[in-house]
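Reader: I should be grateful for a close look at one part of this protein, followed by an account of how the rest of the model is built around it. Please begin with the question below.

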Amino acid sequence: MSSSDCDSERSPLLAASTSSRDSKTLADSIDGALESTPLLSTSNTTPRYNGERDDPDRASLASAGAFHSGDAESPAGSTKKSTRWPSIIAALVLMVLAASIAIGAFFVPAAVEEYAKESIVIEPTNLALESITTDGVRARIQANFRLDATRVKNVHVRRVGQFTTWLAKELATEETRVKVYWIDHDNMLLGTAGLPPLTITIANGHNTELDIVADLAPGDADTIRTIANQFLAGKMDTIRVRGTTDVTVKTRFNIPLGTHAVSETMEFEGKELPPLPSYNITGLNFEERPLPGGDKEGMAADVTITSFNPYPIAFDVPSLKFEVLVPGCKKHGPAISVATAVSDVIALRPEADVAVTAHSIVEELPEPLTRPCPGGTMSPLDKLFEAYLAGQPASVLVRGQKEQGGEAPGWIGDIISSVTVPVPLPQQSFDDLIRNFSLMDVSLSLPDPLADPDDLDSNPKVSGTIVALAALPSELNIGLNVSHVQAKADVFYHSRKLGELEIDEKASSIQIEGGPGEENLIEITSRVHDTPLKVTDDDVLTDVIQALLFGDVNVILDISALVDVGVHTILGQFVVKGVPAEGRIPLKPLGNDLLGSMQPQVGNLEVVDTSPVSISLQASVNLTNPTPYAAYIPWVSIHILNNATVLGEARAKRLTIKRGVNTNLKVTAVWRPSLEEEDGQQIGRDLISQYISGYNTTVTLKIHPGTIPSKPELGKALSKLNFTLPMPRLNVPGDNEGGRHDGNGSANDTAPHFIRGASFHVFSSTATFTLASPFSRNTIYIEHINATALYNHTEEIGRIKYDSPFGCPPGVSTTPRLPVDWSLDSVGRDKLKEALGGRLKLDAKATVKVRIGSWTETLWYIGRGIGASVRL
């Protein structure tokens, strides 16, 4: 009698009823929590390799439950559980037992078959792999078998079944071979199981302890690969299998009951299939290790994965070989093999953690792994690193090798070589990868005035030495040498974006080994030269410069970047792209009196061009740069102001300002006060007059939109900043020879003195003056002079009026004899007589018209403490 003759394929042999919709398969009737959990479900209490733990949830893992064929609402109150793969094995083995009972009662087949389906109770107690054979595995199945009449709902069926099984007492089967087929794929063979002869007690309530050693053999490898790939891809909604066998049955009195064909169909929903086991990576280590049979070294990787086995299953898996691959350029294209991994023997024990340790060694990186993909710049290795460093899911692929060697039989290689499993890399945060980031020996370059606005040269440039201190993962124990860095960095000030830096420079590195309990570090040094700073917010740059000039605390710039790091390892040279880096660059303030502390001195002053209303000057400037920064100025223009009036313009080009003392800095200036209408001329005239008279004079330097022609917006933003400084001191001939004197006769006057001395000739009523010109090549012409000589600041001695032009050449020179009109009735005349043949200190007030080239100006002059000799 075959169950296929009585029931449909969807009506299991051991179902509680004959209804095709309500019947349950033997595997569906598993009542123990052990069969409601994946075969390798992970214990969440297992610590990860980084020390973290998941919350334990072992409460759902119970000891072995009872297999039964009763309805979900049986008196026993059993709870419906999900079908699991171990249940399939038990079902295929034990369906023979149920069929034997039904066959034994041949005289009341229908009632006895129904009784057997509803009353049978099977409780698996252990499943272990005795050994791995050349064509499969030898498994030992231990279970308790009994019939429980209370599970039968129909009273008449219960009575007939109890009576019949009481008469029969026992049934025995001969050696049986069960074949399992995959119905949905042309009945492909999944596997076979060879069962030994069995003897069971079928009287109600009597327990039979089964101890079966069965030979299990896998079927077609392509079939298993198809199932595995669909399962891993999440495309398996249902799976239908059919088990077939021929069962030979006899009674306890050896009365043969014939051989009967038995066929049973079972269907599993996708949600009932066990998921991939969860696991924790509890150990990971990379180190340099000698390659077998040679003097070279490779990068070895050791990984330990821990999972939890909640089932009463025990066996040892021999050492296996696997291939480690990285996804290629195309999502569904061929993967790239990078290494071979060998696992240690895996000891699987019931309800215990399972540790899987594998070892691999990489000799070199294959060329397709580092070669850019077609149509792009990213290689497969770049894509893997990019996803991993960004905290996105990143996986490598693991596939078994076909040729295993060692103790593993060939059929294992046939199966595992046809299945590729993605292994996600452990995710971790790289937010604090860069521990310190600094920029030293900073120098700045202003934009090129001739560059187009979109050209990189139209931006200010930064040079300096970048020093970054990065933490290395504790698992990485190999030599690293950083040879190149490329980065796009955003620069912020007070959380406001200042601009962008693009760095592409060579680099060097030094590894720093940490002590016990300390992390390993790597110090990366790179010299950047003329790296453009693309200013995105001119107002933020203005705030930064203002804080540097007038603040007294460090100015902190925040850097956020993705860095491509060129790394040289034992495997060769490759680039790790997209490493997140964040750092802070402290800039020291320049001091509240930067321009004053520079102590500028102007020398080699010469006139290079004149007009009736303007004069162009060129000079060499000496100054001291007290800041830790250097600067390069390709071209700059700054307005010169006094009393809020623009008097002229200072210019410089190709100017390099280094730290410390700077000499012979070439600058030019255009003096044109008429730019600010009539008031400008008077303000300019008074400023020069005050300066040559030794007054404390100041000018204001102001940036304007034309300061940086290629960046007028930047100049406009910086025009908010004004710099007021004393008029620079002119190097006048004789200043360093003690020829300067103030009104008290001391030699500590720092103002320039253009009149070095005077000689009065009493009888001829003339006077000559010794003049010092600040110009190195040009002659100053004095076209008119109206001067008064004073004693003790108020007592008039004489007047000079002279309208004949005379020249004052470069250096020190003497004027012609100028006529003097003595004041005969003043106290000064008596003092003049007393000083006859000696010297007398006089003051002077004068109005002088001077000419240089085409430019003329009328100035006033007030001098004190002029040493005058009195002669007859």
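For residues 738-748, where the pLDDT stays under 50, how many contacts beyond four places in sequence does the model have?

Author: The model has 22 such contacts for residues 738-748, a stretch over which the pLDDT stays under 50. The structure is a predicted model, and this stretch should be read beside the confidence of the whole chain. The protein chain averages a pLDDT of 77, and 79% of its residues score at least 70. Confidence is lowest in strand E1, residues 67-68, with a mean of 36, and it is highest in strand E42, residues 818-819, with a mean of 94. Residues 1-83 also have a pLDDT below 50, and beyond near neighbours in sequence the model shows 230 contacts for them.

From confidence one may turn to the interior. The largest nonpolar core comprises 137 residues, and Val555, Leu557, Phe760 and Phe769 have the most contacts inside it. For Leu557, setting aside neighbours within four places in sequence, the contacts include Val491, Phe492, Tyr493 and Leu498. Val544 also touches Leu557, as do Gly583, Arg584, Ile585 and Leu587. A second core, separate from this one, has 40 residues, among them Tyr115, Val157, Leu216 and Tyr311.

Strands supply the next level of detail. Strand E6, residues 188-195, is mostly covered, with six of its eight residues buried. On one side of the pairing scheme, strand E5 (residues 176-182) runs antiparallel to E6 and is joined to it by seven bridges. Within that pair, Gly191 of E6 faces Val180. The two strands form a hairpin with five residues between them, and Asp186 in the turn has a positive phi of about 55°. E6 also pairs with strand E8, residues 208-218, through four bridges in the antiparallel sense. Here Gly191 stands opposite Pro218 in E8. Gly191 thus has an opposite residue in each pairing, Val180 in one and Pro218 in the other.

Elsewhere, eight strands make an open sheet of mixed pairing, in the order E19-E18-E14-E15-E17-E12-E11-E22. Its edges are strand E19 (420-424) and strand E22 (476-477); each has a single partner strand, so one side of each lacks a neighbour in the sheet. Inside that order, strand E12 (residues 297-309) and strand E17 (residues 352-362) run antiparallel and share 11 bridges. One of the paired positions sets Ser307 against Val354 in E17.

Strands E14 and E15 of this sheet lead to the cysteines. The structure holds one disulfide, and it joins Cys329 to Cys373 with an S to S distance of 2.1 Å. The torsion about their S-S bond is about -90°, so the disulfide is left-handed. Cys329 lies in the loop between strand E14 (321-326) and strand E15 (336-343), whereas Cys373 lies in the loop between helix H6 (367-370) and helix H7 (380-389). The two cysteines are 44 residues apart, and the pair links distant parts of the chain.

The two ends of this bond are not equally covered: Cys329 is partly exposed because its relative accessibility is 34%, while Cys373 counts as buried because its value is 7%. A further cysteine, Cys808, is buried as well, since its relative accessible area is 6%.

How values were computed. Residues are numbered from 1 along each chain as its sequence is written. This is a predicted model: local features need pLDDT of at least 70, side-chain atom pairs count only at pLDDT 80 or more; totals for chains, interfaces and linings use all residues. Side-chain values use heavy atoms; hydrogens and water are left out. pLDDT is the predictor's confidence in each residue, from 0 to 100. Contact means heavy atoms within 4.5 Å. A nonpolar core is a set of buried Ala, Val, Leu, Ile, Met, Phe, Trp, Tyr and Cys residues joined through side-chain atoms within 4.5 Å. Buried means under 20% relative accessible area, exposed over 50%, partly exposed in between (1.4 Å probe, protein chains only). A disulfide is a pair of cysteine sulfur atoms within 2.5 Å. Two strands pair if DSSP finds at least two bridges between them.
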